[in-house]
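Dear colleague,

I am handing over the structure below, and I would be grateful if you could look through it alongside the notes that follow.

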Amino acid sequence: MDLRSERQYHGNVPPGWSSRFAFLMASVGFAVGLGNIWRFPYITGENGGGAFVLVYLCCAFAIGVPILMAELLVGRRGRMSPPGAMRSVALQERRSKHWQLVGGINLLAAFTILVVYCVIAGWVLNYLFKAVVSGFAGVDRVVAIQSFTNLLGDTGGMLFWTLLGLAITGSIIYAGVKNGIERAVTVLMPGLFILLLALVGYNVVVGGFAEAVDYLFIADFSKINASVVLAAVGQAFFSIGVAMAGMMTYGAYLPKSVSIPRSVMLIIFADALVALLAGLVIFPAVFNNGMDPAGGPGLIFKTLPVAFAQMPGGHVVSVLFFLLLSVAAITSMVGLLEPLTCWLEEHKGYVRHKSALAILVLIAAFSVVSILGYNTLADYTLAGNDINSTLDYFANQILLPIGGLLIAIFVGWFIRREVCRTELGLGHGALFRVWYFLIRYVVPTAVFLVFVLGVGE
């Protein structure tokens, strides 16, 4: 089967973004999610504050930039969903069509993450509702913990909020790339940045801000060890969205006139900026109320409601915060759902509406397993891990490192150097040589170590 028939078999070339701004907002929206605003603060707290932040930023730019450029390169050159793009580029390079399996790994990672992620997004929507209704007035630590425990025990309630999050996400995907994703992200992402800056400004006034700055930006190098580095690389991978299929799919819609390197630098800069701003939103409230910054995954749901109840204007601040978190959750879910929808359009020849509905129904069905994992099936374990921990481990410790490693190897060793140079538009200068060295040697080595050490934990 020649390349032309391959393209015909997999469907038409997908529609492009209407502007570079739309692409950047969609990509930043995918990268900026709960990983930045929910996960980054508590991971930072668990790993020593400023020392972790420094290592995280180095990993984001040294590993995140080259591999994200590689993903977008494959997506734009292949012009299909991840499996189709990998297959198309491999055939152009006279390589095995079985490289499409890497795209399949990316899709499986997106699906697995989405099953767990949509339930957490449901928690966020639930807390947004609570913030609007009461602003957490009168909530103390005991009440906050009991409220979250009650949520986890309420199967029907969790299912309702999970389905609501999926319905909002699905409506955006259902409308298509330009009428759905573009329209949503060009409104939601600027709004997200405005909300973040407003909340940071509020913290400057009410207190705790100086302590938060010290905690985030003054590094105690004695706290940097192997586990901190491993956590930083993992957080960079998770927050940027590497090997989750979304970036490769967004790259398939990217016009040739848009510079991949410049776009990637902006995406990673925005992603890191949001993570740091989220720390400046959350940690002042934590320090100002004498709470533990290493509060773990429950930092937002068990700790912050207590802070909102005690601070001046806490009702408004709580609404703005959980609205911000909801926007981040939805835009990331869009980026996870789009490649699955795109693949089904190609693979089965379905129209977008049918593909989106089919994937939503499948995700909703599997999300029930995730929901039950917090209550009815909480005692069911696999190798000592509960259902959701197992799914999280499978996606983040197995699929993402393997997918990222294989993408780096494919682009660095199986695509011609001149093709990479042309696609990236970097010419023959030092920037291309640095990227090429990183993608061939540094990134595969770092990702392999993350995988081995992560599996060994």
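By a nonpolar core I mean a set of buried Ala, Val, Leu, Ile, Met, Phe, Trp, Tyr and Cys residues joined through side-chain atoms within 4.5 Å, where buried stands for under 20% relative accessible area, exposed for over 50% and partly exposed for what lies in between (1.4 Å probe, protein chains only). This is a predicted model, in which local features need pLDDT of at least 70 and side-chain atom pairs count only at pLDDT 80 or more, while totals for chains, interfaces and linings use all residues. Residues are numbered from 1 along each chain as its sequence is written, and side-chain values use heavy atoms, with hydrogens and water left out.

The largest nonpolar core has 165 residues, of which W17, V74, F321, F322 and W435 touch the most other members. Helix α6 (residues 100-134) supplies the largest share of this core, 19 residues; helices (H or I, at least four residues) and strands (E, at least two) are DSSP runs, numbered from the N terminus. Taking contact as heavy atoms within 4.5 Å, and leaving aside neighbours within four places in sequence, W17 has partners that include A22, F23, V177, I181, Y250 and L254.

Helix α4 (residues 50-78) deserves a separate look. With an expected span of 1.5 Å times one less than the number of residues, its 29 residues should cover 42 Å, which agrees with the 40 Å between its end C-alpha atoms. α4 nevertheless bends by about 35° at G64, with a proline, P66, following within four residues; the bend is the angle between axes fitted to the seven residues ending at a residue and the seven starting there. Of the 29 residues of α4, 23 are buried, so that the helix is mostly covered.

α4 packs against helix α18 (residues 417-424) at an angle of about 90°, with the axes 10 Å apart, the axes being lines fitted to C-alpha atoms over the stretch in contact and the angles running from 0 to 180 degrees between N-to-C directions. The two helices, α4 and α18, are therefore roughly perpendicular, a term that covers 65 to 115 degrees. M69, L73, R76 and R77 of α4 make this contact with V419, C420, E423 and L424 of α18.

Two residues that are not glycines have a positive phi of about 55°, namely R79 and A383. R79 is found in the loop between α4 and α5 (82-92) and is buried, at 16% relative accessible area, whereas A383, in the loop between β1 (381-382) and β2 (385-386), counts as exposed at 79%.

With best wishes

How values were computed. Parallel < 35°, antiparallel > 145°, perpendicular 65-115°, else oblique.
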